[in-house]
Amino acid sequence: MFLPTTAAELRDRGWDRPDIVLVTGDTYIDSPFIGAALIGKVLTAAGFRVGIIAQPAVDSGADIGRLGEPRLFWGVTGGSLDSLVANYTAGGRRRRTDDLTPGGRNDRRPDRAVIVYSNLIRRHYKKTVPIVLGGIEASLRRLAHYDYWSNRIRRSILFDAKADYLLYGMADNSVVALARRLQASRSPLDLPGLCYRAARPPAAYLELPAYEEAAADPEAFTAMFHLFYRHQDPVSARGLCQRHGDRFLVHNPPAPYLSQEELDRVHGLAFAREVHPFYRRGGPVRALDTIRFSLASHRGCYGACSFCAIAVHQGQTVRWRSQASLVAEAEELVRHPAFKGIITDVGGPTANMYGFECGQKTSRGVCREKRCLFPAVCNRLPVDHRPQIELLRRLRRVPGVRKVFVASGIRHDLVLADRRWGEAYLRELVTHHISGQLKLAPEHSEPHVLAAMGKPAITSLLAFRDKFFQLTREAGKKQFLTYYFLAAHPGCRAADMRRLRRFAQQQLRLSPRQVQIFTPTPATYATLMYWTGKDPFSGEEIPVARNSRERARQKNILVAGKTTSRR
Ligand code: SF4
């Protein structure tokens, strides 16, 4: 059931060589939550021979050459996280641990893994088949982007990695389409979801400010980012291009989202839900505990928080699996020898976006001038928690399942906006689906900081909190809320953190511990603010904490004392 990762496994299958070799910065866990494993299984189901090389040594050809040269292409990903996010804290210190590395030591994933792995392939296979980039690191760096770790605007990663193609977004269908084109010796250049380098772009493509211009002028970078962001919806996006020197980065329109049937089919593929034995020798892999018995119910998020890049990777339209498919997967979990009756999570980027979407968005594309949840929940969004209630009830009834948890974050404003089913959903969560605490991410309390983040007003948090504790009391349970906050987001000063601390102490009766320092990752509006020091919509200047000490100080203002809110 595993994809082969050694020459012996190729021999066992009777293969002389694979069609495709996937190279990844994560260890190989055969799970639908691991991108390389999922893509490998999708390609295998389409009839291709796929091998996988996880976390190859980069100082020799021993690992990268283990399966030989593939017949069609190399697929390269940095793994589930951008390698620089995985390797460094927001304060710039190297992380000691990595949950996706056997043994947990952070010693296998190189910085800028996508570039390093591509160079590794080129070093050992001079004239080889195409190198295709994918995954979050490549996806978010597909155009000129601000790179926090070198503090400058960098070129598209396709130029730096000297790869041939880049597939952005979730790419389940586009990777199969690419493999078929290469197998038939046909050009893949018109495939949706594909980026490539060219001397000239296709005629109808929208030209963004050139890389050199965007790197030199924050206003040009802002204009570039707005255009990029507006052209990410498969229903309405145009093809884009961006000059880099005398060449162009060509960005084809996004691939259509998977239909529910396709999504069900992908998640219905067989996964071992184990670390491959070759990598297991390195020690336990912590991430397995979180993902092994979890269910991915949907993809996409329309929260559009300024600091989050999900919108440009997974998309702003939520697509969900059928209840039948999720129940079938739960039955599959029950048959796993290590399953103890507990489904650890049912969710997606935001757990309670399952089962409803805006009809206008799915027919005409996401609105360009307004947001679905900010400053308030859009009245065209048909918020309906009933499908989630039904799903959770069906999962609870699966023989062999003792407990079903919802560990993914929920949007409390959506719960409140659902006048018909919101309270019933929360009651369901409180009664059956949380393990003592519910995590919320208000991120801040101050209106101008929340506005910069694209988060709802704090009044909705307080209303939700009251409802949560009322239902908790009625259920006769002792449960509490844990709040996640963000320090040093653009627009936030030390004085704002002091006011947040006061708010937390007086209104929530705690001193938060779950406080992160904002990291400017590529392809978010918050990163654009960080780089330009301006509100990208009004053009007004905003304060930005850039100095490491100032950023750490903002966090320290908040962190002390009691951590959870209990009544
Ligand atoms: S109409 Fe409202 S819910 Fe629909 S896409 Fe536009 S902002 Fe989002």
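This report describes the ligand site, the cysteines and the salt bridges of a predicted model.

The ligand is surrounded by Cys358, Gln360, Lys361, Cys367, Lys370, Arg371, Cys372, Cys378, Arg380 and Leu381. This shell comprises 5 nonpolar, 1 polar and 4 charged residues. The space that the ligand takes is the second largest cavity. Within the shell, cysteine 372 is buried, because its relative accessibility is 12%, under the 20% limit.

The count of disulfides is 0. For cysteine 305, the closest cysteine sulfur belongs to cysteine 308 and lies 6.2 Å away, which is too far for a bond. Cysteine 305 is buried, with a relative accessible area of 12%.

The structure holds 34 salt bridges. Three of them are listed below.

| Salt bridge | Distance, N to O |
|---|---|
| Aspartate 26 – arginine 109 | 2.9 Å |
| Aspartate 30 – lysine 41 | 2.7 Å |
| Arginine 393 – glutamate 428 | 2.8 Å |

Aspartate 26 meets arginine 109 in a salt bridge. Aspartate 26 lies in the loop between β1 and α2, and arginine 109 in the loop between α3 and α4, so the pair ties together parts that are 83 residues apart in sequence. Both residues, aspartate 26 and arginine 109, are buried.

Aspartate 30, in the loop between β1 and α2, is linked to lysine 41 in helix α2, 11 residues apart. Aspartate 30 is buried at 0% relative accessibility, and lysine 41 is buried with a relative accessible area of 8%.

The third pair links arginine 393 in helix α16 with glutamate 428 in helix α18, 35 residues apart. Here arginine 393 is partly exposed at 39% relative accessibility, whereas glutamate 428 is buried at 8%.

Salt bridges with shared partners also join Asp82, Arg112, Arg141 and Asp147 into one network.

Notes: Residues numbered from 1 in each chain as written. Predicted model: local features only at pLDDT ≥ 70, side-chain atom pairs only at ≥ 80, totals over all residues. Heavy atoms only, no water. Near = heavy atom within 4 Å. 1 Å grid on protein atoms, 1.4 Å probe; cavity = no way out; pocket = protein on both sides within 12 Å on 5 of 7 lines; lining within 4 Å. Sits in = over half its atoms within 2 Å of the grid points. Nonpolar A, V, L, I, M, F, W, Y, C, P; charged D, E, K, R; others polar. Disulfide = S-S within 2.5 Å. Buried < 20%, exposed > 50% of the residue type's maximum accessible area, 1.4 Å probe, protein only. Salt bridge = Lys/Arg side-chain N within 4 Å of Asp/Glu carboxyl O. Helix = DSSP H or I, 4+ residues; strand = E, 2+ residues; numbered from the N terminus.
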